[in-house]
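User: I am new to this structure and would like a close look at one part of it, the place where two helices meet. Please take me through that contact carefully and then show me what lies around it.

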Amino acid sequence: MSVAAFSSPGTLADSVWHQSTATIDWQTASEVLRQQGNAVLPQLLNTAECAALAQLYGHAQEGTFRSRVVMQRHGFGQGEYRYFSYPLPDLVAGLRGALYPHLAPIANQWNTAIGIDVRYPAQHADFIARCHAAGQMRPTPLLLQYGPGDYNCLHQDLYGEHVFPLQVAILLSEPGRDFTGGEFVLTEQRPRMQSRAEVVPLSRGDAVVFAVHHRPVQGTRGPYRVQMRHGVSRLRSGQRHTLGIIFHDAE
């Protein structure tokens, strides 16, 4: 299946992905997110969809991407990534619009737990309208490419005042065949404690939902927030591609 195999967003593209994401066990995913700040959605994309997206990195038509970032130039690590332009490819737009309604209630629960007044609307288009009204108009979904020796430093994807607290990364390459090393890594910093690291095993087509910058943790005196960061360990061999879906736009 090609990346543009679906109709334009708002028609068949949204319909297909809303049906697909509705089959996910969101109750379990929500509970796992509550417990550890990340949850794996197995085989969200099939092999053909992963291949089509990965091939876009070096063979996309002009206008598919708005910018290319070489990580070592900015101290972000080693490797590179490209941000998509609007209009997003149908597959990317469909996924972004279909995942958001399942994540918005979780995001609202998190904000309630840690005393943040911001609430997120039910539909992604309404949240994007909020971002654009505040001057955050640049799309943030991206493709990342790593080669031997490449890595991504621990970071948080904050692009302006309006931040949706969950994001999704989908592995487009097969570990052990396309590449070795390159594990997805999360760290959690609790107050007055040392950081805790977690490696999230992924197969090709798996998605991981994770906290953008903080999440609530239940303490003896009630919920408190912990800071989260994510990155990718050094690639030992081969090439690794990832699709990142961030739900807020950038300034």
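Analyst: In this predicted model, Arg 96, Gly 97 and Tyr 100 are the residues of helix 4 that meet helix 5, and on the side of helix 5 they meet His 124, Phe 127 and Ile 128. Sorted by character, the residues of this contact comprise three that are nonpolar, two that are polar and one that is charged. Helix 4 covers residues 90-113 and helix 5 covers residues 124-133, and the two pack with their axes 9 Å apart, at an angle of about 100°. Because angles from 65 to 115 degrees count as roughly perpendicular, helix 4 is described as roughly perpendicular to helix 5.

From helix 4 the view can be widened to the interior. The largest nonpolar core has 47 residues, and Leu 95, Phe 164, Ile 170 and Leu 243 are those with the most contacts inside it. Helix 4 supplies the largest share of this core, 12 residues. Such a grouping fits a general pattern, since nonpolar side chains in soluble globular proteins tend to be buried together. Leu 243 illustrates how the core is joined up: setting aside neighbours within four places in sequence, Leu 243 is in contact with Leu 95, and also with Val 92, Phe 84 and Ile 170, among others. A further core of 21 residues lies apart from the largest one, and its members include Leu 144, Val 200, Leu 202 and Val 232.

From helix 5 one can turn instead to a loop. His 162 sits between strand 6 (151-155) and strand 7 (166-171), and beyond its neighbours within four places in sequence, its contacts are Arg 130, Cys 131, Ala 134, Gln 136 and His 248. With a relative accessible area of 19%, His 162 is buried, because the cut-off for buried is under 20%.

Another loop, between strand 10 (196-200) and strand 11 (207-211), holds Asp 206, which is buried as well, at a relative accessible area of 8%. Among the contacts of Asp 206 that lie beyond four places in sequence are Val 40, Leu 41, Pro 42 and Gln 43, together with Ala 169 and Ile 170. Asp 206 and Asn 46 are separated by 160 residues in sequence, while their C-alpha atoms are 9.0 Å apart in space.

Finally, the cysteines deserve a word. Cys 50 is buried, with a relative accessibility of 0%, whereas Cys 153 is partly exposed, at 29%. A search of the whole structure finds zero disulfides.

Conventions. Residues numbered from 1 in each chain as written. Predicted model: local features only at pLDDT ≥ 70, side-chain atom pairs only at ≥ 80, totals over all residues. Heavy atoms only, no water. Helix = DSSP H or I, 4+ residues; strand = E, 2+ residues; numbered from the N terminus. Buried < 20%, exposed > 50% of the residue type's maximum accessible area, 1.4 Å probe, protein only. Contact = heavy atoms within 4.5 Å. Axes fitted to C-alpha atoms, helices over the stretch in contact; angles between N-to-C directions. Parallel < 35°, antiparallel > 145°, perpendicular 65-115°, else oblique. Nonpolar A, V, L, I, M, F, W, Y, C, P; charged D, E, K, R; others polar. Core = buried A, V, L, I, M, F, W, Y, C linked by side-chain atoms within 4.5 Å. Disulfide = S-S within 2.5 Å.
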